[in-house]
Amino acid sequence: MSIKPEITWHDFEKIDMRAGTIVDAKIFEKARKPAYQLEIDFGELGIKKSSAQITDLYTPEALIGQQVIAVVNFPKKQIANFFSECLVIGIVGENQVITLLQPEQKSINGLPIA
């Protein structure tokens with residue numbers, strides 16, 4: 001596995017990652033690859049939607065109430081009939097199975113990741 005090209009600290013500072021809590025999760029019927037449609041509460045930033053290919057390890061019911069880390073400053077991305085507003089962060093394991101990155105302890109929704 002190779003490392004991606006080096007970035008500067010200035011590049012990294014442009015990425016806005018925040019903690020948020022999943023308030024709704026449902027199967028994304030129109031996605032080409034199995035995925036869920038998530039609604040994530042980011043506190044003062046409001047609720048943002050995300051399409052997440054995390055169906056191998058998680059069920060919609062188990063995701064509700066889980067706190068996750070997401071990039072919140074991407075432009076909206078249309079996926080089928082859905083607009084994804086943030087990117088939930090996870091670890092890509094064997095066979096592309098995603099394990100969510102989650103805070104060890106509950107934190108306030110919307111707090112930035114440093």
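Is Arg18 buried or exposed? Arg18 is buried, with a relative accessible area of 18%. Keep in mind that what you're looking at is a predicted model.

## Strand E1 and its partners

A good place to start is strand E1, which covers residues 17-27. On one hand, E1 pairs with strand E4 (residues 67-71) in the antiparallel sense, over five bridges. To find your way along that pairing, look for Gly20, which stands opposite Val68 in E4.

E1 also pairs with strand E2, residues 36-41. Here too the sense is antiparallel, and the pairing runs over six bridges. For a landmark, try Asp24: its bridge partner in E2 is Glu39.

## Charged pairs

Side chains of opposite charge can pair when their charged atoms come close. In this model, the count comes to two salt bridges.

Let's go back to Arg18. Its salt-bridge partner is Asp16, and the closest N and O atoms of the two are 2.6 Å apart. Arg18 counts as buried because its 18% relative accessible area falls under the 20% cut-off. Asp16, at 22% relative accessibility, counts as partly exposed.

The other pair to look for is Glu85 with Lys76, where the closest N and O atoms sit 3.8 Å apart. That still makes a salt bridge because the limit is within 4 Å. Glu85 is buried at 18% relative accessibility, whereas Lys76 is exposed at 59%.

Key. Residues numbered from 1 in each chain as written. Predicted model: local features only at pLDDT ≥ 70, side-chain atom pairs only at ≥ 80, totals over all residues. Heavy atoms only, no water. Pairing = 2+ DSSP bridges. Helix = DSSP H or I, 4+ residues; strand = E, 2+ residues; numbered from the N terminus. Salt bridge = Lys/Arg side-chain N within 4 Å of Asp/Glu carboxyl O. Buried < 20%, exposed > 50% of the residue type's maximum accessible area, 1.4 Å probe, protein only.
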